[in-house]
Amino acid sequence: MHSQIAKLSLDRFKTLPKTGKPKETEWTVLSTIVKQQDYQLEVVALGTGSKCIGRSKLCPRGTVINDSHAEVMCRRAFVCYLYSELNLESSIFNFNKEKKQYVLKPNLEFHFFTTYVPCGDAAIFSKQTVEDIGEALLFEDKNDCTPPKRKKTDDIYRTGAKCLNDGQIQDSKADGPDYHVLGLVRTKPGRGDPTSSVSCSDKLAKWCHLGIQGSLLMTFLEKPIYLSTFTILSTTPFCEEALNRAMFSRLNDVSLTDPFSRHLLAVSVVNCEFDYMKNKGKTACPSSLSWYLNREVLSSLEIVVMGRKQGATKKQMLSGKSALRICKAEIFKSFAKKCIELKLGFLREKMTYSMAKALCNVYKENKEILLKKFGTWTRKDPKLLEFTF
């Protein structure tokens, strides 16, 4: 099944137009989410990219994409796919009229595929052996969260993601084998302008505990939506033990309340070729792609450059006419539209994005439990979440 997921994902990417894809001299990361329903597999969301914008470019209108890494672009596309399915004719949801909430149909799962190891904690592991990572990279005592020390003779695969400034533990400034500390929340690097986006390892860990749907969509769902498997290409350095640490073992003993719970991923490495893998002779592609399955529109493909729709002028951005479907502002509009359709009385004319995110109390409470276990997380300026629909 993992091989089928990889093949379907790569084939879907090949069907997309050339615009926005890397040149022959460029590399990118590809991530997808694949639906499995009644033993049939179908790609429903796709993202590419490796870029983030810095803090100085964050947008208070919610129309700019802060994080354009493939995993995040794919997840945003998946959220749009879910909104397109919130209807009585849905192929994936049943509707509970009494609760005014949707629940996934039986025999339905979602699988995650990526061509490159997620940045952050999952990308840190020994180069000695990928198969046998050894105790040097694992907490000896699962109840002891003291970062382990690494032998100075071990070299490691590294990540560009940086420890949060407010964290109690930091990486060593020396570029040696003990440079990276394990198990920490990290932010993605920015060229001269630091970002506020946590690493893909941290975001995936969050999705494995709180679901991939987010707080707004949780308002309409009886249960969160979790991923079942993780498939990655053999052409990228990868260690399953490091992935397990990043997703789960560093969050041991976290106690969430119903309907949230830890969802372990079945992991597999497959032998397939992706033409745009990272290597020394290539540069990072400046653009990102998002695509999702939506049978109601001709095209759900979007090209993102520096967090904005490719080709959009500053005037168009200010007016909101060129806003991306996957941006916060447009997703907020989808949320408001669904609230009106379901006649939910809590929607108010001047409701802000931050107010809407706080509506689902059970999600909010469990998120706080999880972030407390992480120990630290990025806190954005509240003014960035005060836009309305």
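The exercises below, each followed by a worked solution, concern a predicted model.

**Exercise 1. Find the strands that form the open sheet, and say which strands lie at its edges.**

Solution. Begin with the strand order, which reads E14-E13-E8-E2-E3-E16-E17-E18 across an open sheet of 8 strands with mixed pairing. Next look at the two ends of that order, where E14 and strand E18 (308–309) are the edge strands, each pairing on one side only. Then take one pair from within the sheet: strand E2 (residues 30–37) and strand E3 (residues 40–48) are antiparallel and are joined over 8 bridges, and Ile33 stands opposite Ala45 in E3.

**Exercise 2. Determine which strands are touched by helix H1 and which by H2, and how the direction of each helix relates to that of E3.**

Solution. Take helix H1 (residues 2–15) to begin with: this helix packs on the sheet and touches E2, E3, E8, strand E13 (229–233), E14 and strand E16 (287–292), while its direction makes about 55° with that of E3. Then turn to H2, which also packs on the sheet, where it touches E2, E3, E8, E16 and strand E17 (302–305), and the direction of H2 makes about 125° with that of E3.

**Exercise 3. Describe how H2 packs against H7 and against H3.**

Solution. Two packed helices are described by the angle between their axes and the distance between the axes. For helix H2 (residues 70–84) and helix H7 (residues 328–341), the angle is about 20° and the axes are 11 Å apart. Because angles under 35 degrees count as roughly parallel, H2 is roughly parallel to H7. The crossing of H2 and H7 is left-handed. By class, their contact has 5 nonpolar, 1 polar and 2 charged residues, and the residues that meet are Arg76, Val79, Cys80 and Tyr83 in H2 and Lys328, Ile331, Ser334 and Phe335 in H7.

For the second pair, the axes of H2 and H3 cross at roughly 35° and come within 9 Å. On the side of H2 the contact is made by Glu71, Val72 and Arg75, and on the side of H3 by Cys200, Lys203 and Trp207. By class, this contact has 3 nonpolar, no polar and 3 charged residues.

**Exercise 4. Locate Ser197, and decide whether this residue is buried or exposed.**

Solution. Ser197 lies in the loop between strand E12 (186–187) and helix H3 (200–210). Its relative accessibility is 4%, and since buried means under 20%, Ser197 counts as buried. The contacts of Ser197 with residues beyond four places away in sequence are Cys52, Asn66, Asp67, Arg186, Thr187, Lys188 and Lys203. Of Thr187 one can add that it is 10 residues from Ser197 in sequence, with 5.4 Å between their C-alpha atoms.

**Exercise 5. Examine the backbone at Lys100, Asn107 and Pro259.**

Solution. Most residues other than glycine have a negative phi, and most peptide bonds are trans. Lys100, however, has a positive phi near 55°, and it sits in the turn of a hairpin formed by E6 and E7, with 4 residues between the strands. These two strands run antiparallel and are joined by 4 bridges, with Asn96 having Gln101 in E7 as its bridge partner. At 32% relative accessibility, Lys100 is partly exposed.

Asn107, in the loop between E7 and strand E8 (108–114), also has a positive phi near 55°, and at 60% relative accessibility Asn107 is exposed. Lastly, the peptide bond between Asp258 and Pro259 is cis, with omega about 15°, and Pro259 belongs to the loop between helix H5 (240–247) and strand E14 (266–270).

Notes. Residues numbered from 1 in each chain as written. Predicted model: local features only at pLDDT ≥ 70, side-chain atom pairs only at ≥ 80, totals over all residues. Heavy atoms only, no water. Buried < 20%, exposed > 50% of the residue type's maximum accessible area, 1.4 Å probe, protein only. Pairing = 2+ DSSP bridges. Contact = heavy atoms within 4.5 Å. Axes fitted to C-alpha atoms, helices over the stretch in contact; angles between N-to-C directions. Parallel < 35°, antiparallel > 145°, perpendicular 65-115°, else oblique. Left-handed = near helix turned anticlockwise from the far one by under 90°. Nonpolar A, V, L, I, M, F, W, Y, C, P; charged D, E, K, R; others polar.
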